[in-house]
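Reader: I should like to learn how individual features of a model such as this one are read. Please take me through some cases.

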Amino acid sequence: MPPSPPPDAFYYLTNFERALAWLAERYDDVLDEHEHTFLRAFATLPRPSRALLVRMLMRNGPSFRASKLVYDEIGCPLDAAAPLVAHGWVDPAPSLSLDEVFALTTKAELAERFPALAASPSGRKSDWLEQVRRDLAADAPGAGGAGSAQTGSALLDAARSSSALPDAARPDVARPFHTWFPDTADRVLRVTVGALCDRLRLMFFGNLHQDWSEFVLADLGVFQYESVPLAPSSRAFQRRGDVDAYLALHACRDALDAWPDDAPLDPLLDAADAIACAQPWLATRRAKLLFALGQAGERRGAWPFALDAYAKSAWPGSRHRRIRVLERCGRDGDALALARQARAAFESDEERQRVERMLPRLQRRAGVAVTRAAGASAAPRATLVLPRPGEATSVEFAVRDHLAQPASTVHYVENTLINSLFGLLCWDAIFAAVPGAFFHPFQRGPADLHAPDFAARRADAFARCFAELDSGAYRDTIRVRYEAKFGLQSPFVFWGVLTPALLDEALACLPPAHLRLWFARLLADIRGNRSGLPDLVRFWPAERRYELIEVKGPGDRLQDNQTRWLAYCIAHGMPVRVIDVEWADDARTPADMAGTLSA
């Protein structure tokens, strides 16, 4: 057999050019002249120059020492950079701040450049940086700092114009690398088209958390994706303003993360509220940002601000947060009115749980009759006394191992099993080529997965999947999908947990009626209901039955989402219980031991 040909040394360039061709085909009407010029000019560059730019874009930058840009297929980085410099895409002598200098150099180089650092040779680089910054600040004429409000304003200005935020204030000591280190022959190159290429990356992926390395990871088989037919019209953004809106939202979110604690939040709220979001999914992103601003206002005790932010947000949970803030403000009547409005049409089980918890208190304060919703039946509870395990063993594993018997098996699955079975049965519905769901070949799931109309837009496809639970065909479908799709990225399937043995036991012991109930609740609120499922599942294969078990260690309590799942299971007659674990070496009286589950 002839040897396999060596891999293409320019594989990353080939992938990048694939993305550019994709963008040129699908976004011709959205690209501006500057971006069109980049696409045309890039194709005319020598291959080493194109490769060097892509290498730099794929690394943490934007500034690089030429001595660190050594690639066999590219050759001399300075020669390869010359055409990039001619186009203005690379700065061959950028002015570097002190922070950038420290990021690009070694401790040995810094000790030679700043002799005072030799007094603390074992000091950390970050400590050295602070020392040099203080020294330079002390020597700077008119040293002094701007107030917090000014700092906040500067952050917002940067957020409005770019997705990047400025570093913390520092002395203005920027200068070229050869000025900092006149004796070195090395040079620093800075990519100046990073923002342009980030915009192209955003248009390709529809988000900023994925980058060009997705191509490489897919080529290497690290990540594998479902192949969804993509029409030439498939794209995340329909007009240029959509891209601008995404970047503005992203910048405001970054600005919020860096916002000074004592700077007013109002400029951020005004900026977020002013962003026009024509696409529903962009409006959802803005709603999430407004919700985060409301939370920030709550943390500060800025109640009017928090109310304003929540009122502007349609993000799930905004209404019950408004009720809470109104109560904190002493506006009990307004809080009660909003709680009653919520009770008339709850947006989710989570809101129902939270509002019903608040209503009796609000009613008492308002002096009206207290009306309570019918309480959900509590899950059975038992106490299990076990020897304290080693540090490497979790309480869930300790219970799993204790309960395992020849006639039954116990698996630690938490949220993985039910989600995985749903993902396998409904694979075709989840990965349906619905307009606005898939934009590129590297999506783990549909872009509208958490949209309110996700299920409605695929109602017929999900109905066909659920019908298999009635006909009994679901078992074969799930097994076939497990084999055919194994390893492909999915928002629901946990391949590392779902072994063939676990799958066989689950299909044998979990009744299709119960699967339907679980799947229906998942589909009703994917964001809220994918978590909170019990820790363990216990199977009796010979009897074709099962039990779900939530484990709580000493001092642990049920979380709200766990309580909701337990109540749902109890209401529909599913076998579920809670086991509270006590360690045998803890001092307990005979009375304390009453009602325990025997080991």
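Author: A polar contact is a pair of N or O atoms within 3.5 Å; within protein, one must be able to donate a hydrogen and the other to accept it, and residues adjacent in sequence count only if both atoms are side-chain atoms. Here, the side chains of Arg 564 and Gln 353 are joined by a polar contact of 2.6 Å. This is a predicted model, in which local features need pLDDT of at least 70 and side-chain atom pairs count only at pLDDT 80 or more, while totals for chains, interfaces and linings use all residues. Residues are numbered from 1 along each chain as its sequence is written, and side-chain values use heavy atoms, with hydrogens and water left out.

Reader: Which side chain of opposite charge is nearest to Arg 564?

Author: Lys and Arg count as positive and Asp and Glu as negative; His and the chain ends are not counted. A salt bridge requires a side-chain nitrogen of Lys or Arg within 4 Å of a carboxyl oxygen of Asp or Glu. For Arg 564 the nearest such side chain is Glu 350, 4.2 Å away, and Arg 564 has no salt bridge although it is buried (under 20% relative accessible area, with exposed over 50% and partly exposed in between; 1.4 Å probe, protein chains only).

Reader: Is Asp 211 buried, partly exposed or exposed?

Author: Asp 211 is partly exposed, at a relative accessible area of 35%. Its side chain makes a polar contact of 2.3 Å with that of Ser 213. Asp 211 also touches Arg 201 and Phe 205 (heavy atoms within 4.5 Å), leaving out residues up to four places away in sequence. The C-alpha atoms of Asp 211 and Arg 201 are separated by 6.9 Å.
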